Amino acid sequence: DLAAAAALRMRSGTWAVETHTMSVDGHANLAALVPDVTLAPARRVVEELRVVKDEDEIGHLRTACAISTEALDGLLAGPLVGRTEREVARDLENRMLDLGAEAIAFETILASGENSAIPHHSPSDRVLGHGELMKADFGARVAGYHADCTRTVVLGQADDWQREIYTAVQESQAAGLDQLRDGAPVSASDEAARDSLDAAGWLHAFTTGLGHGVGLEIHEDPFIAARNTGKLVSRTVLTMEPGIYVPGRGGVRIEDTVLVTTGAPEVLTTMTKDLMEIG
């Protein structure tokens with residue numbers, strides 16, 4: 001097993017161990033195999049090294065994001081009303097695979113009508129109806145690197161309440177994105193996005209995290225939150241995903257995968273964020 005393989009390389013001295021991911025039993029087994037070795041917690045050293053991406057990594061992320069948005073563009077061109085959430089989700093995933101993804105980045109969230117108010121809804125046999133919100137949270141994986149994108153559309157002509165919450169989310173995301181710059185506090189984008197939702201009167205309906213790093217894992221450092229005391233570094237890739245969720249009615253989320261630069265951030269999921277009325 002992995003512990004035995006590691007023990008073959010460890011003779012003496014101090015070795016760093018990722019105790020935040022290793023089980024208690026795994027640590028005990030390894031310690032028993034190498035009694036002359038001191039096992040020290042590695043904290044999150046590896047995760048910290050992965051925050052800044054090199055050019056090859058950024059290239060893989062660009063490709064994954066391009067495949068993702070092209071797949072959604074194709075999906076939105078076809079009929080949607082009358083199909084089930086599960087059917088539409090599988091269609092979107094198959095399109096990503098056909099365009100060259102090695103796999104999907106995570107299980108697709110495809111939510112319609114009142115289900116769109118559930119932040120992490122699993123696609124069901126609910127049939128998409130005219131006039132409803134449809135939220136798709138999805139991504140392609142390329143060479144191990146994950147894209148993460150969400151778009152919300154209206155299946156028909158939008159009602160006033162749908163336009164109101166969509167505009168509030170769109171403005172919140174723009175405010176948060178503007179703070180994703182090299183050297184800026186990680187918490188600044190959280191504050192800006194939440195202040196925007198608060199001014200629009202919808203902060204109470206935002207119930208999820210605002211964003212997270214993305215790369216070899218779909219959720220990795222840094223995580224955007226008020227309690228994060230760190231600063232952003234150029235070539236970090238992370239998401240910006242504010243939302244409004246109104247139970248029993250519907251919800252809107254807009255999410256992009258974003259590259260931090262020394263200037264304005266580069267949005268890698270280059271698909272319109274204007275309200276789309278489909279059909």
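This is a short walk through the salt bridges, one strand pairing and a few backbone details of the structure shown above.

Before I start, please keep in mind that what we are looking at is a predicted model, and that the values I quote are computed from it.

Let me begin with the charged side chains. The structure holds 17 salt bridges, and I would like to take you through three of them before turning to a network. In one of them R62 pairs with E266, and the closest nitrogen and oxygen atoms are 2.3 Å apart. If you trace the chain between these two, you will see that the pair links distant parts of it, since R62 sits in helix α4, residues 55-76, while E266 belongs to strand β15, residues 266-267, which puts the partners 204 residues apart. As for their surroundings, R62 is partly exposed, at a relative accessible area of 36%, and E266 is likewise listed as partly exposed, at 29%.

The next bridge is formed by D256 and R151, with 2.7 Å between the closest N and O atoms. Here, too, distant parts of the chain are linked, with D256 in strand β14, residues 256-259, and R151 in strand β8, residues 149-154, the two being 105 residues apart. Are these two side chains buried or exposed? D256 is buried, with a relative accessible area of 0%, and R151 is buried as well, with a value of 2%. Both count as buried because the cut-off for that word is under 20% relative accessible area.

A further bridge joins D178 to R181, whose closest N and O atoms are 3.0 Å apart. D178 counts as partly exposed, at 41% relative accessibility, and R181 is partly exposed at 30%. Beyond individual pairs, there is also a network, in which R50, K53, E217 and E220 are joined by salt bridges that share partners.

Now to the strands. Strand β1, residues 13-17, and strand β2, residues 37-41, run parallel and are joined by five bridges. To find one of these on your screen, start from G13, whose bridge partner in β2 is V37. How does the chain cross from β1 to β2? The path goes through helix α2, residues 24-33, and the resulting β-α-β crossover is right-handed.

Finally, some points about the backbone itself. Where should you look for a cis peptide bond? The bond between D221 and P222 is cis, with omega at about 0°, and P222 lies in strand β10, which covers residues 220-224. E220, which I named a moment ago, is a member of the salt-bridge network with R50, K53 and E217.

Two residues other than glycine have a positive phi that I would like to point out. For A143, phi is near 50°, and this residue is found in the loop between β6, residues 140-142, and β7, residues 145-146. A143 is partly exposed, with a relative accessible area of 42%. For R235, which is also not a glycine, phi is near 75°, and its place is the loop between β10 and β11, the latter spanning residues 237-240. R235 is partly exposed, at 35% relative accessible area.

If you take one contrast away from this, let it be that the bridge between D256 and R151 has two buried partners, whereas R62 and E266 are both partly exposed.

Terms used: Residues numbered from 1 in each chain as written. Predicted model: local features only at pLDDT ≥ 70, side-chain atom pairs only at ≥ 80, totals over all residues. Heavy atoms only, no water. Salt bridge = Lys/Arg side-chain N within 4 Å of Asp/Glu carboxyl O. Helix = DSSP H or I, 4+ residues; strand = E, 2+ residues; numbered from the N terminus. Buried < 20%, exposed > 50% of the residue type's maximum accessible area, 1.4 Å probe, protein only. Pairing = 2+ DSSP bridges. Right-handed = clockwise from strand over helix to strand, strands pointing away.
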